[in-house]
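Please look through the structure shown here, and keep its sequence at hand while reading the explanation beneath it.

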Amino acid sequence: MPRSHVDGTRTANEVTSSSGRTVSSLQTDDPQGRLQVHERWPHNSLPQLLPQFSSTMHLFTFLLTTFSLLRVAVVAERIDRHAIVSSYNPVRTASSETTPMQVGNGHFAFGADVTGLQTFLPFAIMSDWGWKNDSLPAGMTEADVDAYRGAVWDGVQYNFGGPQPMQQWLVSNPNRVNLGRVGLLFLDGRNGTANVTEDDLVGTRQELDLWTGTMTSTFQWQGEHVEVQTVAAQSSDTIGVTVTSSLVATGRLGLFLDFPWNDGKSEFEAPFVGLWNATSNHTTALSTGAGLGDNVRAAVAHTLGTTTFFTFVGGDNFSVARVSTDEHRYTIKPKSATRTLSVSIAYAPGQIKSLPSVEAVEEESQQTWKDYWSENGFVDVVTGSSDSRADELQRRIILSQYLLRVNEAGDTPPQESGLVNNGWYGKFHMEMFFWHSAHWALWNNWDLLNRASSVYSRFLPQSIERAQVQEHYSAGARWSKMTDPSGRSAPGEINELLIWQQPHSLVFAEYEYRATRSRATLEKWRDVVRAGADWMAVFAKRNASTGFFDLGPPMYVVSEDTSPNATRNPAFELSYWRFGLDHASTWMTRLGEEVPEAWTEVKENLAPLPMEGGLYAVYEGIPSDFWGTPTFTNDHPALVGLHGWLPQTANVSLDIAKATAEKVWTSWNISNCWGWDFPMLAMSAGRNGETEKAMEWLLHPLFEFDDVGMPIGGVRVPTPYFPGSGALLYAVAMLAGGWDGSSSAAPGFPQTGWRVRTEGISRAM
């Protein structure tokens with residue numbers, strides 16, 4: 001897909017001219033691909049120049065010459081992306097007990113300890129395709145799976161409150177699998193294994209080259225230098241490992257493979273995934289010799305229940321053997337007396353035709369990462385900024401860009417912890433898809449976003465069935481909340497009654513249309529837009545007393561902390577409903593098709609946003625003292641999203657929205673906020689003109705990122721919690737690149753202390 005800016009929407013920048021004067025500007029893309037900047041002088045600067053000239057002609061000549069020089073200087077001043085990215089290469093001198101350093105490609109990720117492998121800590125190797133089902137509960141069959149039904153509320157059949165243990169099996173299956181482990185094998189020189197701990201290593205140092213996706217670890221063992229380089233292929237789920245040391249030549253150093261048991265007994269598995277001592281639950285089988293595929297010397301088939309995953313190894317000449325029949329560990333020992341052992345290790349759900357060489361993996365990683373950093377959106381907040389917080393914000397931006405490219409660029413929406421570990425059994429949450437992935441649109445990473453955004457068309461049949469067959473609505477498709485690659489909704493009251501994921505598809509569709517302005521995009525999303533909006537219209541119920549259309553009950557709000565049977569007309573959802581139906585109507589108009597009357601009737605007659613004390617309230621009928629009641633002010637403060645995350649909708653007053661946001665700042669339990677809450681608060685502050693407050697929220701002490709950029713889960717969820725990273729990048733793009741209706745450069749950043757430059761950033765809605 002073309003990575004072009006929207007017609008008429010340009011990217012805001014602030015640059016410094018050759019004279020040292022700071023000027024505001026707007027960026028567009030030149031047909032030849034150069035960065036063009038259109039200048040806007042600071043206020044009141046032109047009148048100060050006038051008295052210096054004796055004639056209009058002299059003034060005109062001066063201005064024309066100055067403008068030409070400035071324009072040339074600014075056009076030539078491209079952001080030094082390589083320098084900025086490389087300055088944030090993470091370095092470790094010891095393993096973290098909670099987070100790995102990673103390489104990967106979005107579909108697949110390899111987490112490493114300080115050795116560059118998984119020698120001492122079994123961090124995960126995970127993918128977007130590695131799923132399995134546990135055995136069915138005793139006495140149950142597939143027919144019982146299909147026959148599962150839950151409670152009926154107000155004539156709607158839901159998938160919760162059904163019989164156990166089938167309900168829990170459906171919640172926890174399928175579950176995501178840790179594909180294995182690769183580590184250094186230390187040998188004692190007498191054909192035995194040496195007992196080595198990380199403390200036995202001297203001078204450990206690990207660095208991740210972000211520009212090339214290359215992880216390099218060095219240390220000494222028994223006085224000998226060791227270097228391990230690890231890279232990930234980008235077109236296959238393969239790692240390239242190169243171990244360099246005299247210990248390789250003397251037969252003292254090799255590699256091992258190991259495989260864990262995986263099941264759905266634990267909702268969260270962090271920091272490690274799988275069980276390494278349940279060896280009798282699963283099987284592995286080694287194959288060697290010809291016929292395994294080009295460049296494949298060995299393959300291990302790992303069977304868990306009815307599902308088998310494959311590991312393929314190739315490269316330099318080596319021997320491979322199983323340690324014992326009681327373990328699933330295999331040793332790889334070099335056969336040649338050279339200082340280097342280079343192997344490629346690939347993971348797949350089936351057989352492969354060929355295995356890339358380590359050299360090919362390295363070249364592919366270098367080129368793909370160079371293209372990623374060079375060709376898409378970029379924001380520089382550190383060069384020339386005097387605010388002491390700029391360096392930390394830039395670090396978070398760069399490391400988040402890297403980690404989301406590794407963990408969250410697969411064929412399905414990401415789970416909350418990406419490909420680092422498992423949360424919610426490895427399943428993904430459709431309401432979080434916006435926070436995980438909408439940033440790709442603003443940073444113009446359409447090749448990555450298109451991988452997963454197609455989930456709406458793929459899940460459309462199941463979503464229509466959920467709405468019309470299961471729940472008996474007359475029309476539309478209802479998007480699930482917690483799901484997996486099958487599109488099946490995981491049972492659960494919150495999973496079935498949450499609704500704010502419903503308009504997300506319209507956001508992704510709109511951003512894609514802005515990027516392409518094509519009829520093909522309109523047709524591509526037509527059925528998704530139509531079915532999603534149809535359900536939004538039929539879900540809203542006419543209130544016979546008021547004449548308005550109500551949302552709920554039953555339903556859960558964004559914060560998931562209100563009683564579903566008491567929740568009616570929540571403020572944020574009403575605004576998002578109007579946003580969604582407006583955009584769906586515009587979509588039909590663009591297609592030249594008639595807008596359904598039901599959409600117009602509902603959106604024009606939605607219940608007004610609830611009010612308490614002159615401010616917006618969480619939902620209609622909430623206790624009037626809710627601002628002082630922790631029950632209602634203790635989780636995601638979606639009220640600030642009314643004008644910030646969302647643009648102004650027809651049913652929202654800007655003055656009331658701003659006053660409500662300021663009340664949230666002082667009355668909400670911010671200590672219980674987490675992840676995407678802080679970028680959401682920042683977007684609200686920025687759009688409402690409180691730019692210093694926006695920076696405070698983006699860099700709030702409770703919004704933390706560790707030394708390699710992993711977003712800290714805090715007291716709420718395990719680390720990492722990647723919706724925080726995606727939300728950070730969305731907020732930064734919006735605050736730096738602007739939003740519909742903004743006109744100044746970097747409108748969400750303070751004018752003092754910050755020099756903000758952008759390239760290839762699209763405007764937010």
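The paragraphs below take up two helix residues, then the cavities, and then some backbone features.

The model is a predicted one, and a convenient place to enter it is helix H8, which spans residues 390-407 and contains Ile397. Ile397 has a relative accessibility of 0%, and because this lies under the 20% limit, the residue counts as buried. Beyond the residues up to four places away in sequence, Ile397 touches Val381, Trp443, Leu728, Leu729 and Val732. Of these partners, Leu729 is 332 residues from Ile397 along the chain, yet the C-alpha atoms of the two are separated by 6.5 Å.

A second helix residue, Asp534, is located in H16, which covers residues 519-539. Its relative accessible area is 18%, so Asp534 is likewise classed as buried, the limit being 20%. The side chain of Asp534 is joined to that of Trp599 by a polar contact of 2.9 Å. Trp599 also appears, together with Ala475 and Gly476, in the set of residues that Asp534 contacts when its neighbours within four places in sequence are left aside.

Turning to the internal spaces, a search of the whole structure yields nine cavities of 30 Å³ or more, and the largest cavity has a volume of about 120 Å³. Its lining is made up of 16 residues, and those nearest the centre are Val557, Ser559, Val618, His636 and Ala638. By class, the lining of this largest cavity comprises 10 nonpolar, three polar and three charged residues.

The backbone deserves a separate look, since most residues other than glycine have a negative phi and most peptide bonds are trans. A cis peptide bond, with omega about 5°, links Gln164 to Pro165, and Pro165 belongs to the loop between strand E10 (156-157) and helix H5 (166-172). Another cis bond runs from Gly552 to Pro553, with omega near -15°, and here the proline lies in the loop between strand E30 (549-550) and helix H17 (571-591).

That loop between E30 and H17 also holds Glu560, a non-glycine residue with a positive phi of about 55°. Glu560 is partly exposed because its relative accessibility of 29% falls between the limits of 20% and 50%. His472, also not a glycine, has a positive phi of about 65° and is placed in the loop between helix H13 (460-470) and strand E28 (482-483). With a relative accessibility of 54%, which is over 50%, His472 therefore counts as exposed.

Definitions and conventions: Residues are numbered from 1 along each chain as its sequence is written. This is a predicted model: local features need pLDDT of at least 70, side-chain atom pairs count only at pLDDT 80 or more; totals for chains, interfaces and linings use all residues. Side-chain values use heavy atoms; hydrogens and water are left out. Helices (H or I, at least four residues) and strands (E, at least two) are DSSP runs, numbered from the N terminus. Buried means under 20% relative accessible area, exposed over 50%, partly exposed in between (1.4 Å probe, protein chains only). A polar contact is a pair of N or O atoms within 3.5 Å; within protein, one must be able to donate a hydrogen and the other to accept it, and residues adjacent in sequence count only if both atoms are side-chain atoms. Contact means heavy atoms within 4.5 Å. On a 1 Å grid over the protein atoms alone, a cavity is a set of points where a 1.4 Å probe fits but cannot get out, and a pocket is an open set with protein on both sides within 12 Å along at least five of seven lines; lining residues have an atom within 4 Å of a point. Grid points are joined across faces, edges and corners, and a volume is the space filled by probe spheres set on the points. Ala, Val, Leu, Ile, Met, Phe, Trp, Tyr, Cys and Pro count as nonpolar, Asp, Glu, Lys and Arg as charged, and the others, Gly among them, as polar.
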